[in-house]
Amino acid sequence: MRMTMLPTLRHIRQFSSQSRLRESPQLIRIYSCKERAKVPLQLASDPSSFTSFYTCGPTVYDSAHIGHASCYVRLDIVQRILRDHFRLRLVSAMNITDIDDKIIKRAGEDGRPWQDVSRRYEQEFWGDLQRLNVRLPDIRLRVTDHIPAIVGFVEALIREGFAYKSSDDSVYFETSRYSQYGKLQNIPAVEESTSEGKKSAADFALWKAAKPGEPAWESPFGPGRPGWHIECSTLATQIFGKRLDFHAGGLDLRFPHHENEEAQSCCYHGVPDWVQHWIHTGQLHLEGQTAKMSKSLKNTISIGELLERSSADEFRMLCLLSHYRSAIEFGDQSMTVATNVLRKFHSFFDDSKAYVSGVKPATVINSADLQSTLQEIDLKIDEFLRNDFNTASAITSLGDLASVVHKSINQKPPEAVQASESGTVQAVTNYIRDKLNLFGLEAFGENRKSEISSKDSTGQIIDSVVQIRNSVRGQAIESKDRRLFAVCDQMRNQLKQAGVEVKDHGRNSSWSFEKR
């Protein structure tokens, strides 16, 4: 009965969370850059249908770095919470900017067609996301596959009087025509200017006139290519229509990119607000530096370089331990903290497995108290996630719960114990594992790559070695023979060098593969 009680309570709470969300979405609060405060979640459409989530993708002219990784990992965590905790039917989309000044410049430097440059780094980018265990968006779009739609969007803005063609055949959005320009971020006043054919220095390009030798597409305004901001507005409109539930990207995109997207899209659709909730992730910088990671500053670490020295789970834990809107300081110290938190969870799971399987001696566990603690932690975690996706506090609470169980199963056992209450321990362990898996920590998922079943040949061999060591250790305990203890220590150290960690529990021992 004990083994089924807690999972049943968890399922009831998940069902209750779904019902409460559909009846009262405002139970979730999200930071609004427009209000400069947390506001209730308001969805543009009925959450029982689907919820739209658009993310600005990269300009693919070079390898992605860990500044990009922190943004996409954090957004992946937010999407997992919306999908798997709050049970929203999320549909995600992301663009790839595959034509841009930087791509053209890189192609010239490499002596290759611009298409080759963009395709190479686009493919690398999707591979990097998969290596980071980031779920790929449901819909992926390249800008150059949708030029006619972008041209149509620009034509509509000209027709409605929000854009104009300049003397150099480029097309600009006239910011003075939109009274709410600056709603996402306070924008300092700019002096009026007629440079580059613009009416105002604040006006931004919707269509860039062709330059000699550069790629261009035909349009009613003349040959050219899209401006940066019009791309996302057009692509998101094609997928989701005139309203978006979520639009996400790094904090550095809030202005000018997202501000300009919002302005032109509101004018195009004739709505007061195009995006219901903007989500901006904090920037990553290196320890001891204040500037964000940027290729122009030459202070980048590629995703490939990161994964050579750290695991995807370690980097994800670094992201989980801070709020998604806050800055991340990356370096040896911060990564050590993240690694240690992961190790504590791994150690807990190893000890729990040893206890449930009977390898560790049984102890006295108050099942009712443990169940009550679980329910309290579950409520806390739900509240943290409803409060603007506070993952740092959620991880701390999971650690507290693991510590309670860990202390119970590692206390000195009495002379006689009627029952180990291993069912309750397993139920709490399942809960902690499920929550860590919710956040996308790959090692705690159902298909864990770091573990090999004892049924596999490798596991059987290790089992045999550990059993032999147990026999020797038992003799050492009985005879108090130091030489036998030394042999046991030597066997443990050799197994450790092979990546196998052995833990002794009284007269028994358990083993697990060491985590990076």
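This report walks through a parallel sheet and one helix that lies across part of it.

## About the model

The model is predicted, so local features need pLDDT of at least 70 and side-chain atom pairs count only at pLDDT 80 or more, while totals for chains, interfaces and linings use all residues. Residues are numbered from 1 along each chain as its sequence is written, and side-chain values use heavy atoms, with hydrogens and water left out.

## The sheet

Let's start with the strands, which are DSSP runs of E with at least two residues, numbered from the N terminus, as are the helices (H or I, at least four residues). Five of them form an open sheet in the order E5-E4-E3-E10-E11, with parallel pairing; two strands pair if DSSP finds at least two bridges between them. Strand E5 (139-142) and strand E11 (275-281) sit at the edges, each pairing on one side only.

Within this sheet, E3 (residues 51-55) and E10 (residues 244-250) are joined in the parallel sense by three bridges. Here Phe53 stands opposite Phe246 in E10.

## Helix H4

The buried residues of H4 (buried means under 20% relative accessible area, exposed over 50%, partly exposed in between, with a 1.4 Å probe and protein chains only) include Trp114, Tyr121, Phe125 and Trp126. Viewed down the axis of H4, the buried residues fall within an arc of 155°, so they line one face of the helix; the arc is that of the directions from the helix axis to the C-beta atoms. On the other side of H4, Gln123 and Gln130 are exposed.

Just after H4, Asn133 has a positive phi of about 60°.
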